[in-house]
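Hello,

Here is the structure I promised to pass on. Please have a look at it first, and then read my notes underneath.

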Amino acid sequence: MFTNNLLATFSLVVLAATAVPVDESWLQPRDSEVHELFYKRAPNPSDSNFASNYPAPGSSPPTDSLPQAWLDKLKSITLPDIKPSNPNNGYPTYADGETPQDQHICSFTYECTTDEDLYNPPSGTFALSFDDGPTNVSPDLYDYLASNNISTAVTHFMIGGNIVYDPFGMQAAAKAGGHLAVHTWSHQYTTTLSNEQVLGELGWTMQIISDLNGGRIPKYWRPPYGDVDNRVRAIAKGVFGLETVVWNTDSSDWAIGGNPQYTHDSVVSQVNQWLSGSKDKGLLLLEHESKDTTVAVFKAILPSIRSNGWTIKNVADAFHMDWYVNAGKTNTEAITTMSVGASTFAVTNSTSQQSSTSASASTTGSASTTSSASQAPSSTSTTAATAAAAVSSGSGSSSSASSTLLLPGYAMAGLGFLAALFV
Ligand SMILES: [Zn+2]
C-alpha cells in the first residue's frame with residue numbers, strides 16, 4: 001500500500017515536472033491521438049505574439065517545420081500513386097498522359113467526384129456555406145445571418161492565413177453558432193502541392209481553428225477552386241479525418257466584377273431559377289464571404305430560398321453528420337476523445353453514449369468509403385458517372401448543365417481572385 005502510494009506520488013511529481021504549461025481545460029487526454037496531432041499551441045488571440053505561433057499568411061506553410069506527429073501520420077498511410085499536378089493556369093495537368101477525370105486521379109476540377117465527396121444534400125435541403133472568410137465583409141454577413149435567425153445554419157470554410165489576420169472575426173462566427181471548416185492556409189490549387197505542403201495547408205488551418213474554438217477539430221474542408229484529386233483526398237482523410245466538400249451548383253458570385261458576363265442581377269436571376277426548380281436533389285451552392293458583391297448576392301437570394309420551401313442547414317447538419325472530429329453538434333457541446341485518420345478511426349472514450357454512437361457510425365462509414373474510392377476503381381467509376389450526370393442535371397434546371405460548374409473558367413478566374421485576396 002505504502003509502496004503504491006509512493007509510486008503514485010512519484011508519478012505525479014514526474015508528470016508535473018514534464019507537463020507542458022498550457023491551458024488543458026479543453027484538451028484531449030495526453031494518450032489520445034487527437035492530442036498527439038493537435039494540442040493547444042497559441043495563447044489568447046489578444047496577446048501580441050499570437051501570430052508567431054503559426055506560419056506566415058499568404059503562402060504554403062514551410063515543410064521543414066511541420067509537426068512531427070503530422071509527418072509520422074502521413075508516413076503511416078498509403079497514398080494512391082499520383083504525382084502533384086502541373087498548375088497550367090488553372091487547368092492542372094498530370095504526368096504520363098494520365099487523364100485527370102479518370103477514376104484513378106478523379107480531379108474535381110474536371111468534374112470527377114468520389115463516393116465520399118459531399119456535394120449532393122438530401123432532397124429539399126439547401127446546404128448553406130461561405131468560403132474565404134474571415135474578411136472585412138464578414139461582420140456584415142454575420143449581422144444579416146443573425147437578423148434572419150440562421151447563424152447556426154451555415155458552414156464557414158475559412159482560410160487559415162485570413163484567421164491569423166483576424167482571429168476575432170473567426171471567433172465571431174463561432175460565437176454566433178456557425179459551423180467552422182477548413183479552406184486551407186493559403187488558398188492554393190492543392191493538387192499542385194507536394195504531400196507535405198498539403199499537410200501544412202490543412203493541418204495549420206485545423207490547428208488555428210481549434211485553438212480559437214475550444215479545441216474543436218474541424219471535420220470538413222473545401223479545396224480552393226474545387227481543385228482536389230485522390231492523392232489530396234487521401235491525405236485529408238487519412239491523416240486528419242477531413243471530409244472533402246465540393247458543390248453541386250456554383251452561384252458564380254465570385255465572378256461579379258471580374259467577368260462582365262456576370263453581374264449582380266444575372267447571378268441572382270440564375271440562382272433564383274435553380275431555387276424555383278425541382279427540390280428532388282438538395283442544393284449545395286458555392287458562395288463566398290469575400291466581397292460586398294458576394295454578400296449582396298446572398299441577401300438577394302435568401303427570400304427565394306425561403307419562399308421556395310428549402311430547408312436551410314449547414315453542411316454537417318445537411319448530411320446528418322457531426323460538426324467536428326471530436327465534437328457532435330454546436331460549438332458548445334462537450335468534446336469527445338476520438339482518434340483521427342481513416343485507418344485508425346475509433347472512439348476511445350466519450351462523454352455520452354449518444355455522441356459515441358453517432359461518431360463511431362459516421363467515422364467508420366467514412367473510412368470504408370475512403371478505401372472504396374482508392375481501391376475499387378469500378379465502384380468509383382460508376383460514382384463518377386453518376387455524379388457527372390447529377391452535376392449536369394444541376395438542381396433541377398436543365399439549363400444548368402453548362403452554367404452550374406464552369407470549372408475551367410472558374411479555375412482561371414480563381415487565379416485573379418487569389419491575387420486579389422492577398423495583394
Ligand atoms: Zn476560396
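Below are some notes on two packed helices, one further helix and a loop residue.

This is a predicted model, in which local features need pLDDT of at least 70, side-chain atom pairs count only at pLDDT 80 or more, and totals for chains, interfaces and linings use all residues. Residues are numbered from 1 along each chain as its sequence is written.

Let's begin with helix 9, which spans residues 264-275 (helices are DSSP runs of H or I, at least four residues, numbered from the N terminus). Its buried residues are V267, V268, Q270, V271, W274 and L275; buried means that 20 or more other C-beta atoms, placed from the backbone, lie within 10 Å of the residue's own, and exposed means 12 or fewer. These buried residues cover an arc of only 160° around the axis (taken from the directions from the helix axis to the C-beta atoms), which puts them on the same side of helix 9. D265 and S269, on the other side, are exposed.

Next come helix 7 (residues 195-212) and helix 8 (residues 230-240), which pack at about 50° with their axes 10 Å apart (axes are lines fitted to C-alpha atoms over the stretch in contact, and angles run from 0 to 180 degrees between N-to-C directions). The two are therefore oblique to each other (neither under 35 degrees, over 145, nor 65 to 115).

Finally, T109 sits in the loop between helix 3 (68-76) and strand 1 (125-127; strands are DSSP runs of E, at least two residues). T109 is buried, with 25 other C-beta atoms within 10 Å.

Best wishes

Conventions
Expected span 1.5 Å × (residues − 1).
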